[in-house]
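Got your viewer open and a selection box ready? Let's walk through this one stop by stop, with something to pick at each.

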Amino acid sequence: MTERKNSFDLVKFLTKYAMVIALVVVFVLFAVLTKGMLVQPQNMSNLLLQQGYVLVLACGMLLCILTGGNIDLSVGSVICLVGGIAAVMVTNMHMPAIPVILLCLVIGLMVGLWQGYWIGYVRIPPFITTLGGMFIFRGLGRMVLDSKTVAIQDPTFLNIFTAYIKIPGLDDGKIKLSPIIVGVVVAAWVLLSTAKSRRDRAKKGYRQNSALADFTKSGIIAALILWYCWMLSQYRGISVMLLWVVAICLIYNFITAKTAFGRYFYAVGGNEKATKLSGINTDKIYFLAYANMGLLAGLCGLLVTARLGSVDGNAGTSYEMDAIGSCFIGGASAYGGSGTVGGVVIGALLLGVINMGMSIMGLPDAWKYVIKGGVLLIAVIFDVVTSRKSGSK
Amino acid sequence: MADVILEMKSITKEFPGVKALDNVNLRVEAGEIHALIGENGAGKSTLMNVLSGTYPAGSYTGDIYYEGKLCQFKTQKDSEALGIVIIHQELALIPLLSIGENMFLGNEIKNSMGYIDWDRTYSESERHMRQVGLNESAQTLVKDIGTGKQQLVEIAKAFSKKVKLLILDEPTSSLNDEDAKMLLDLLIEFKKEGLTSIIITHKLNEIIYCADKATIIRDGSTIETLVKGVDEFSEDRIIKGMVGRSMEDRYPVREHNVQPEVNLEVKNWTVHHPLYPERVVDDNISFHIRKGEVVGFSGLQGAGRTELAMSIFGRSYGAGITGELYIGGQKVDLRSPQEAIRRGLAYVTEDRKTNGLILGESIRFNTTLARLDKVCRGGVIDVDQEIGVAEQMTKDMGTKTPTIEQRVGNLSGGNQQKALLGKWMFTEPDILIMDEPTRGIDVGAKYEIYCLINQMVAQGKSVMMISSELPELLGMCDRIYVMNEGRLLAELDTKDATQETIMGYIIRDTNKA
């Protein structure tokens, strides 16, 4: 059973990559509808930055959802609270940026510890705990802001989160060179690591996919990276925020896919009783899921504040829903126990492309809500129906 | 010859990739108790789902004749309208509703205004409950009555649907011997009143006790139908039909080489109920298990055996636990399952589906879960090593599966049990607590599990075996402890014990109370 036959199962392929295909279709559709405006370098660069907050939140939300379809409703309010504290301290109180950033991350974590304690150790239902948090932290945020809009212009603060990287000599011209260099290096690494892992597996005699499938997949990924970096180089280069977002996604992908810690989230969501009897402290897993969510919400508050340049009492409203939506569109199970960071990224990008495409076309905001909701529903219906057909209950 | 009430002809049902039923024929005469027997996965439940309309007409081929008429059921409602009622293995009762509400769920009795007529609902319910000998108020919540009585509620519910053909899927699998016998007697009673029943069960002694005929299904095909009084109707004969070979010994022979060292010792162990702290679940229990010894725990449901095991296993059950625990002569205090596992204890849980395995995940995932650190470096899972150990465990346990990436939910009961055993063997335990290790699995798989147990004790491990099947305890154990209502009644050497002596202890103790 070392080399499986290359019989190509179209239905299986379509089901497995349904959301990727949907993303491609929606992308092409909007590219055509906007007469190519969508694929202009500026829009492509902004796509990831605009969806950055969703991606960061969704990584944390995925861990909560994995434990059993539990969600955190408070993240939007935490963004308001943390962003408000940062803006007030830096702008009104003239405090240095770096200690404020660290303090804000600690505040985010403390919010998470607070909610995680009630959810994990006292077993208050997450929905209720975080609904309470949603009101409490929104109110505290408005108190901090004194119901005003506070701008933030401190250069250190902005440089840490939103500036574009400028390496003298490389990024001075119209075409920025640093994205191209990064793109080539990363693309080459993707291809080489595929080759390496295939060689390792062959050496140990493990079963693996056909060479064609493996290299097509990593070839497409490498090509996409190159293309995206080319887009970035034609605009303003690599944004620091992009690095933050990519780093968070990679870290959480690693945690969920490769570590024992990450696997426990799947185990708890799959069967909590069995997990507990396997000697795993399930209370702690719930606690950590929400503690982590608080930390990421805090980070996200800083990113959003820096990107928008100001905070008001409505900052972050309904961001939790975007994060939750991305997780479910990306294939996370509403009952917990399954879902990947890769899927969540696809889900967030799908929402982002729809948002951006509709903005370019000048459609009213009301439509965005209708379409977002429709996409979420269709994605989950598709997931449920196909998994039922394939015989897995 | 009596009338044929049901005839299923050449039923064939395919699932993607599997032929679950292949040309199955079943003939049931009115007023008989007809047993349907076969190993797990043989197709018994599938056949009954075809009959009840759970798999609608058109999704299978073949004909069903009921009371002489060709039937094509689209839903379960269609078959119930004609008096065919199926009671599934997992009871379909809603715990927080009353018995009466449960009985008329889906066919509520309504008054002329279209509201539910509660007075009639409850009086009708109680009338049917009396029929099955259930003396409870119809307003009692289902969660407040025991499993045995819940089973009776299901049957009363069937009567409320004017049942003519009652199908019971493993009705006694969660009952103790006494409740099980009561249920079977009830069926024999109803037979006299003309009720036809089909009973699916793994417990062959029950078939001998109550059935008139037994149809044996193997690998999706009917093998034969044995008739009581005409054919040889014995356990050995039925087993021969089920497995296609005669099985002289149902329990593998083992050299009894119990070593003198005591591996696990429990002294004055008392456990209270976690929700009602004044209730004592296990009362002052002391026992010990030596190296290389299999020690059985016998008792009825509610004897406190599972609770005893779980409270020992890192206090995963109970409150106000007092007593002393020694492992290898050393006094230990195990506060969590994690500590218990570190000290070499493993608890192979009673209910593999809800307490043992993560059904949606692969064999590989499940195998390493309890000791994931063994395949980790710095918290990162070494997948290659994990694949290696999972494959080794699968081989050692003899789990039948295409790959270790198979979801355990898709395995048959016996193979799930082996996967569960593999998971716990991976923790390298010295002491295994096995709670109903062969419940709901077929004869062949049982034998393989017994062999695995023998291998373990041959390596000097100790096994605490909790089982409700007395022959199994007598066949496998060196010593047997008898429990009843939270108390330890007796310690018997298996050489001196019989089913009668063990039951005698329990019955005498129950009568005393």
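## Stop one: chain B as a whole

Select chain B and think about its contacts: among those between residues at least 6 apart in sequence, 68% join residues at least 24 apart. Keep in mind as you go that this is a predicted model.

Stay zoomed out for a moment. Along the principal axes, the C-alpha atoms of chain B fill a box of roughly 70 × 50 × 50 Å. How does the radius of gyration of chain B agree with that of a compact globule? For 513 residues such a globule would come in near 24 Å, and chain B has 24 Å, so the two agree. Colour by burial and 46% of the 513 residues in chain B turn out to be buried. Switch to cartoon and the secondary structure of chain B comes to 17 helices and 22 strands.

Now colour by domain. Chain B is divided into domain 1 (4-83 + 164-243), domain 2 (95-160), domain 3 (261-344 + 431-453 + 462-513) and domain 4 (357-428). Put a distance between the C-alpha centres of domain 2 of chain B and domain 4 of chain B, and you should get 44 Å.

## Stop two: a six-stranded sheet

Next, pick out the strands of an open sheet in chain B, whose order is E6-E7-E8-E3-E9-E10. The sheet has six strands, and their pairing is mixed. At the edges sit strand E6 (84-87) and strand E10 (221-227) of chain B, each pairing on one side only. From one strand to the next, the twist averages 20 degrees.

Zoom in on strand E3 (residues 33-37) and strand E9 (residues 213-218) of chain B. These two run parallel and are joined by four bridges. To find one pair of facing residues, label B:Ile37, which stands opposite B:Ile216 in E9(B).

## Stop three: the helix across the sheet

Keep the sheet displayed and add helix H1 (residues 44-52) of chain B. This helix lies across E3, E6, strand E7 (165-169), strand E8 (196-200) and E9 of chain B. Relative to E6(B), helix H1 runs at about 145 degrees.

Why is H1(B) described as largely enclosed by the rest of the structure? Nine of the nine residues of H1(B) are buried, so the helix earns that description. Show the side chains and you'll see that the buried residues include polar and charged names as well as B:Leu47, B:Met48, B:Val50 and B:Leu51: B:Lys44, B:Ser45, B:Thr46, B:Asn49 and B:Ser52 are also among them. Step just past the end of H1(B) to B:Gly53, which takes a positive phi of about 90 degrees.

## Stop four: B:Thr270 and its strand

Jump to B:Thr270, found in strand E11 (residues 262-272) of chain B. Is B:Thr270 buried or partly exposed? B:Thr270 has 17 C-beta neighbours inside 10 Å, so it counts as partly exposed; being buried would take 20 or more.

Select its surroundings next. Leaving out residues up to four places away in sequence, B:Thr270 touches B:Val280, B:Asp282, B:Asp283, B:Asn284, B:Thr322 and B:Gly323. Try a distance to B:Gly486 too: that residue is 216 residues apart from B:Thr270 along the chain, yet their C-alpha atoms are separated by 9.0 Å.

From here, follow the pairing outward. E11(B) pairs with strand E14 (residues 319-327) of chain B in the antiparallel sense, over six bridges. One spot to label is B:Lys267, whose bridge partner in E14(B) is B:Glu324. E14(B) also runs antiparallel to strand E15 (residues 330-332) of chain B, with three bridges joining them. There, B:Leu325 stands opposite B:Val332 in E15(B). The hairpin of E14(B) and E15(B) has two residues between the strands, and B:Gly328 takes a positive phi near 55 degrees in it.

## Stop five: where the chains meet

Bring chain A back into view. At the interface, 27 residues of chain B are in contact with 22 residues of chain A. On the chain B side, helix H10 (337-342), helix H11 (352-356), strand E18 (380-381) and helix H13 (383-397) each supply at least two residues. Colour that side by residue type and it divides into 15 nonpolar, eight polar and four charged.

## Last stop: inside chain A

Finish by colouring chain A by domain: domain 1 (43-163 + 239-389) and domain 2 (182-238). Their C-alpha centres lie 28 Å apart. The contact between them takes five residues from domain 1 of chain A and six residues from domain 2 of chain A. Select helix H3 (41-50) and helix H11 (240-258) of chain A, since these are where to look: each supplies at least two residues of the side of domain 1 that touches domain 2.

Conventions
Residues numbered from 1 in each chain as written. Chains lettered and ligands numbered in written order. Predicted model: local features only at pLDDT ≥ 70, side-chain atom pairs only at ≥ 80, totals over all residues. Contact = placed C-beta atoms within 7 Å. Rg over C-alpha atoms; globule rule 2.2 N^0.38 Å. Buried ≥ 20, exposed ≤ 12 C-beta atoms within 10 Å, placed from the backbone. Domains from an automatic or database assignment. Pairing = 2+ DSSP bridges. Axes fitted to C-alpha atoms, helices over the stretch in contact; angles between N-to-C directions.
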